[in-house]
Amino acid sequence: MNAASPTVTTTPGVMLVRVGQAGCALRWDALQQCWRWPDPVGSQLYAWPAPPAMPSGVRMLETARVMACCTSGRVLLGLGKRLGMVELPQPGQPSRPLQAQVLITIDAAEPRTSISDGCTDRDGNFVFGTANTAQDQRPIGSFYQYSQRHGLRRLALPAVVSAASIAFSPDGRRMLFADAARGPIMQCDYDAERAKASDVKPFSAMLEPGLGSAIFDSAGHLWSVQGGALVQYDGAGQVVQQIALAREAAASVAFGGDELRQLLVLGAQGGLYGLPPDLARGLAPGVADSLFVDSGSASIGSTRT
């Protein structure tokens with residue numbers, strides 16, 4: 001575990017679009033070949049590039065901070081204490097606010113917690129965590145796996161103030177996670193079929209306060225949003241580089257595009273950026289965001305696209 005901080009490379013980035021009021025949870029939609037993200041302040045769900053005959057943003061009736069694209073083309077959302085599913089409008093249809101179908105309420109007896117981070121594992125299950133939104137900031141947040149096959153299952157991981165940095169290694173056998181308020185980034189062995197986490201140990205110290213989203217690339221390197229900057233770690237937890245956007249703090253990051261060779265960064269104020277050629281050159285391609293299996297069973301085969 002390495003806490004050494006390299007020199008931060010600051011870049012204006014290549015701005016692709018700026019929409020909405022805030023950014024979080026950037027995801028690559030392999031079915032529609034676009035990036036998607038929710039705006040938790042403006043209650044919008046955005047896409048870039050917008051699919052043909054579709055608006056770039058669709059209003060939601062509820063606020064979401066966490067999302068996953070699904071095998072059916074729908075979108076799974078973390079709506080406060082609930083998981084819900086929305087149907088996206090079809091091309092040419094009039095745009096109307098998205099009403100989520102509620103799937104499950106999380107920890108209903110504890111009013112202080114809310115879904116704070118999540119992504120789909122390599123087998124199509126949605127793995128997410130909660131945060132304590134009260135002023136006491138006690139570590140009462142938990143980690144869960146949700147699937148249509150098994151429903152909700154709690155993972156045996158340490159309680160946190162705010163779950164963050166949930167990511168899965170390219171082979172899906174290792175899960176990373178963190179407490180956004182405290183760090184460090186942790187790792188564990190992960191069995192998707194049994195929803196079992198074991199051999200929990202540190203991966204690396206956080207370099208900046210405020211851990212956010214995290215993803216792996218195909219080389220097994222971790223890309224972690226920390227304190228508004230982007231930190232790249234190698235597979236052993238050693239820091240490779242640190243990148244900061246000059247115009248706004250980074251909120252999330254995702255690979256996508258042709259052969260998953262584009263690494264895009266979503267700003268906290270709604271700007272979507274690519275890396276300039278000098279920083280993007282030589283980077284390993286990404287690993288596709290797995291699709292949440294919302295028809296049939298998960299944990300029985302790969303959903304990687």
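**Salt bridges in a predicted model**

Hi everyone, let me start with one contact: the side chains of R18 and E248 form a salt bridge, with N and O 2.8 Å apart. This pair ties together distant parts of the chain, since R18 sits in strand β2 (residues 14-18) and E248 in the loop between β22 (239-245) and β23 (250-256), 230 residues apart. Please keep in mind that this is a predicted model.

How exposed are the two partners? R18 counts as partly exposed because its relative accessibility is 39%. E248, at 5% relative accessibility, counts as buried, because buried means under 20%.

On to another pair. The side chains of E62 and R82 also meet in a salt bridge, and here the N to O distance is 1.9 Å. Again distant parts of the chain are linked: E62 lies in the loop between β6 (57-59) and β7 (66-69), while R82 belongs to strand β9 (residues 82-86), 20 residues apart. E62 is partly exposed at 22% relative accessibility, and R82 is partly exposed with a relative accessible area of 25%.

Now, which residues are linked with E110 in a network of salt bridges? They are R112 and D136. Within it, R112 forms a salt bridge with E110, and their closest N and O atoms are 2.8 Å apart. R112 has a relative accessible area of 21%, so it counts as partly exposed, whereas E110, with 16%, is buried.

And how many salt bridges does the structure hold? There are 10, among them R18 with E248, E62 with R82 and R112 with E110. Thanks for listening!

Notes
Residues numbered from 1 in each chain as written. Predicted model: local features only at pLDDT ≥ 70, side-chain atom pairs only at ≥ 80, totals over all residues. Heavy atoms only, no water. Salt bridge = Lys/Arg side-chain N within 4 Å of Asp/Glu carboxyl O. Helix = DSSP H or I, 4+ residues; strand = E, 2+ residues; numbered from the N terminus. Buried < 20%, exposed > 50% of the residue type's maximum accessible area, 1.4 Å probe, protein only.
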